[in-house]
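Please open the model in your viewer and keep the sequence panel beside it, since each stop on this tour begins with a selection.

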Amino acid sequence: MRILIKNIKKLLQTYHSNDDVVPLKGQAMKNLPFLENAFVIIDNKRILDFGEMKSLNTEQHFDEEIDATNSLVMPGYVDSHTHLVHATTREDEFVQRIQGASYAEIAANGGGILNSAAKLANCSEDDLYASAWQRLQKAIAMGTTTIEIKSGYGLSVASELKMLRVIARLKENSPIPIKASLLAAHAYPMEYKQNHQGYIDIIINEILPVVAAEQLADYMDVFCEEGFFSVAETSTLLNAAAKYGLKPKIHANQLAASGGVQVGVLHNAISVDHLECVGQAEVDALLNSNTLPVLLPGAAYFLGMHYQPARMLIDAGLPIVLASDYNPGSCPSYNMNTIQSLACTQMKMLPSEALNASTINAACTLELQHEIGVIKKGYRANICILKDVHNEALIPYAFGENLISQVLV
Ligand SMILES: [Zn+2]
């Protein structure tokens, strides 16, 4: 199947065959190479060629032609941090927070993650799969063409494996690439609140070996935070996962400067995610590492917390990744267009920086930069077409709107 997209007004993130695809850092984050009046040829779901219309050989046969007159064309979003699989929504907690309860207070009373875990335990694998599949289709329609999904609402051997098997089924049937992270260390189950080592032993001795044997996860995640998993506990878990070849991608520094960034760097984490509470010590640790900082402004927005200091991190020379953190408690949205808007209006990122943070840099956090995240020959043709959009700044500008008219995966 050969497809031609022609008359493209602006084709974003055009990389030449010999260009390296590496995370864009600091000043380079605003570089957005593009072509005007361009075409893209797709052959067997890969980008065969692209260029300016004047260089298009019109003698060729195409099975389908898409006229992208007056349209912006860009690589699809890579959403590198989601909790897409869950049993039910948590709008009751949302109302409690409006009335003054904090996220931490709700969690301490058995709400939050424990609430999701209780609901998930009673949900069948088929029902979990069906609801996650629906969400996945909606996310794709909004431009997400690669996604990471975490476990973490199981918190028991049976339920964590159930979640990961659902993610494995999504992987098998999905038109877009999916990576899975084991997040059994998302919270302590009620019965292990006073016996942390007991639950850590279950993760290490009962969950990890099965996950490894059945290849159910690509990464190991830990919620390293005050009231959740300490730095020492995180270290123990990451060491155990390393024995099975599972690299870390962890939740860090959301509620406090917990040492999460430093322990992530120490263990060579691919990414440390959240970072609402970071200062110079965290910046210094990240500058001396290959660990990528992932910012989740949707969670800061929904919880009414202060936003991550994106400008400070970029100006220090770091790369930034943006993701949705879709989950039923702290960010019930997977709309990456909204994330662009929050990043620009609340974190003072430029539209080009936000786009790079959600495509090429995000692809690096899933180790998929060799096949997604930019427009390059041989790459997967996971592409968004934005009709009547002439400039990428319109994406964050038209906040709340999905300007994406067609998604190719
Ligand atoms: Zn998360």
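Begin by selecting S6 and S7, which run parallel and are joined by three bridges. This is a predicted model, and the tour should be read with that in mind. Within this pair, pick out Tyr77, whose bridge partner in S7 is Thr144. If you then colour strand S7 (residues 144-150) by accessibility, you will find it mostly covered, with seven of its seven residues buried.

**Across the parallel sheet**

Extend the selection from S7 to strand S8 (residues 178-185), which pairs with S7 in the parallel sense over four bridges; here Glu148 stands opposite Lys179 in S8. Now add the remaining strands, and an open sheet of eight strands appears in the order S6-S7-S8-S9-S10-S11-S12-S13, with parallel pairing. Where does this sheet end, and which strands stand at its edges? They are S6 and strand S13 (321-322), each of which has a single partner strand, so that one side of each is left without a neighbour in the sheet.

Move to the edge formed by S13 and select strand S12 (residues 292-295) along with it, because S12 and S13 pair in the parallel sense over two bridges. In this pair Leu295 is the residue that stands opposite Leu322 in S13.

**The zinc ion**

Next, select the zinc ion and display the side chains of its protein donors, which are His81 (NE2), His83 (NE2), His251 (NE2) and Asp325 (OD), lying 2.1 to 2.4 Å from the ion. What angles do the four donor atoms subtend around the zinc ion, and how is the arrangement described? The angles range from 84 to 164°, which makes the arrangement irregular. For comparison while you inspect the site, the ideal angle for four tetrahedral donors at a metal is 109.5 degrees.

Along the chain, the donors of the zinc ion follow the spacing H-x1-H-x167-H-x73-D. Highlight His83 and His251 together: His83 lies in the loop between strand S6 (77-79) and helix H1 (91-98), whereas His251 is in strand S10 (residues 247-252), so the pair ties together parts that are 168 residues apart in sequence. Are these two histidines buried or exposed? His83 counts as buried at 2% relative accessibility, and His251 is likewise buried, with a relative accessible area of 2%.

**Strand S14 and its partners**

Leave the zinc ion and select strand S14 (residues 383-386), both faces of which are covered, with Ile383 and Ile385 buried on one side and Cys384 and Leu386 buried on the other. As a reminder for reading this strand, side chains in a regular strand alternate between the two faces of the sheet. Add strand S5 (residues 72-75), which runs antiparallel to S14 and is joined to it by four bridges; the bridge partner of Leu72 in S14 is Leu386. Then add strand S15 (residues 406-408), which pairs with S14 in the antiparallel sense over three bridges, and note that Ile383 stands opposite Leu408 in S15.

**Cysteines and a covered helix**

With Cys384 already on display, select the cysteines as a group, bearing in mind that a search of the whole structure finds zero disulfides. Cys364 is in no disulfide, and the nearest cysteine sulfur to it, that of Cys384, is 18 Å away. Cys384 is in no disulfide either, its nearest cysteine sulfur being that of Cys344, 16 Å away. Both residues are covered: Cys364 is buried with a relative accessible area of 6%, and Cys384 is buried with a relative accessible area of 0%.

Now select helix H13 (residues 351-358), which is mostly covered, as seven of its eight residues are buried. The buried residues of H13 are Ser352, Glu353, Ala354, Leu355, Asn356, Ala357 and Ser358.

**Stepping back**

Finally, zoom out to the whole protein chain, which has 15 helices and 15 strands. Its radius of gyration is 21 Å, close to the 22 Å that the globule rule gives for 409 residues, so the chain is as compact as a globular protein of that length. Taken along the principal axes, the C-alpha atoms fill a box of roughly 70 × 45 × 45 Å. Of the 409 residues, 60% count as buried, and residues 24 or more positions apart account for 74% of the contacts with a separation of 6 or more.

Note on methods. Residues numbered from 1 in each chain as written. Predicted model: local features only at pLDDT ≥ 70, side-chain atom pairs only at ≥ 80, totals over all residues. Heavy atoms only, no water. Donors = N, O, S within 2.8 Å, 3.2 Å for Na, K, Ca; no water. Tetrahedral: all angles 85-135°; square planar, octahedral: opposite > 155°, others 65-115°. Buried < 20%, exposed > 50% of the residue type's maximum accessible area, 1.4 Å probe, protein only. Disulfide = S-S within 2.5 Å. Pairing = 2+ DSSP bridges. Rg over C-alpha atoms; globule rule 2.2 N^0.38 Å. Contact = heavy atoms within 4.5 Å.
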